[in-house]
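Me: I have a model open and want to talk through its pockets and helices. Can you take my questions one by one?

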Amino acid sequence: MQEYTFSIFGVLKEALNRSNGVKGTFMGAMLLYLLIQIVIAFVLLLIMPQIQDYLDLILTLLTLPISVGIIILGITRARGEELSVKQIFDYFGQYPYLLLGYFLIVLFTVLGLIAFIIPGIYLSIAYIYALPLIADKNLSVWNAMELSRKTITKQWFRFFGLGIVSFFFILLSAIPFGIGLIWSIPTVYIAYGLLYHQLFDEEEEDII
């Protein structure tokens, strides 16, 4: 990957423009994801109420392919391809690899935080594209992690800044009864999708 740069607000502006016509798909996918988590949580607590303290982790692990599928919706939009809510279920076939990738990312990040804090913060940003690369490009777990890390390291502070800006964008948009989330959630997913598309898809060269 050659040297590159991008504008944080430029990529968010482009993502906002590209959210036109697909907000319903993204929100439908998010609502379906939350509904699935609620149903799973209800069933698990009904059967094994003692797992309540670990429920969030269990839900994250069980629905990991769906959360990755929502990320890939943003990538699909960046590619100019058609979207549908059902696409979020396309990655259960790669569940073992996604699960291994998730555990390794969490392990390395936690070890980095325990060691000197800064390495953990670095890895938490550097690995953001690892799981999408596993699901979308069928890369091995380690190759996906290393490709994500090496690529993002070239502009780590910009990705860190994009994460901060995106966090506050979503937070502020949720204040008026959550109505603003209709715009902010698709915009953030598409923003990361735009960067993924231009960094990892061979046909694209220019960075926003």
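Me: What volume does the largest pocket have?
Reply: About 810 Å³. A pocket is an open set of points on a 1 Å grid over the protein atoms alone, where a 1.4 Å probe fits, with protein on both sides within 12 Å along at least five of seven lines. Volume is the space filled by probe spheres set on the points, which are joined across faces, edges and corners.

Me: Which lining residues are closest to its centre?
Reply: Ile71, Ser124, Ile128, Tyr189 and Tyr192, out of 28 that line the pocket. Lining residues have an atom within 4 Å of a point.

Me: Is this model predicted or what?
Reply: Predicted: local features need pLDDT of at least 70, side-chain atom pairs 80 or more, while totals for chains, interfaces and linings use all residues. Residues are numbered from 1 along each chain, and side-chain values use heavy atoms, without hydrogens and water.

Me: Which helix gives the most to that lining?
Reply: H9, with seven residues. Helices are DSSP runs (H or I, at least four residues), numbered from the N terminus. H4 is among those that supply at least two.

Me: Switching to H4. Why call it largely enclosed?
Reply: Because 13 of its 15 residues are buried (under 20% relative accessible area, 1.4 Å probe, protein chains only).

Me: What about its span?
Reply: H4 covers residues 64-78 and should span 21 Å (1.5 Å times one less than its number of residues). Its end C-alpha atoms are 22 Å apart, which agrees.

Me: What follows H4?
Reply: Gly80, with a positive phi near 80°.

Technical notes. Buried means under 20% relative accessible area, exposed over 50%, partly exposed in between (1.4 Å probe, protein chains only).
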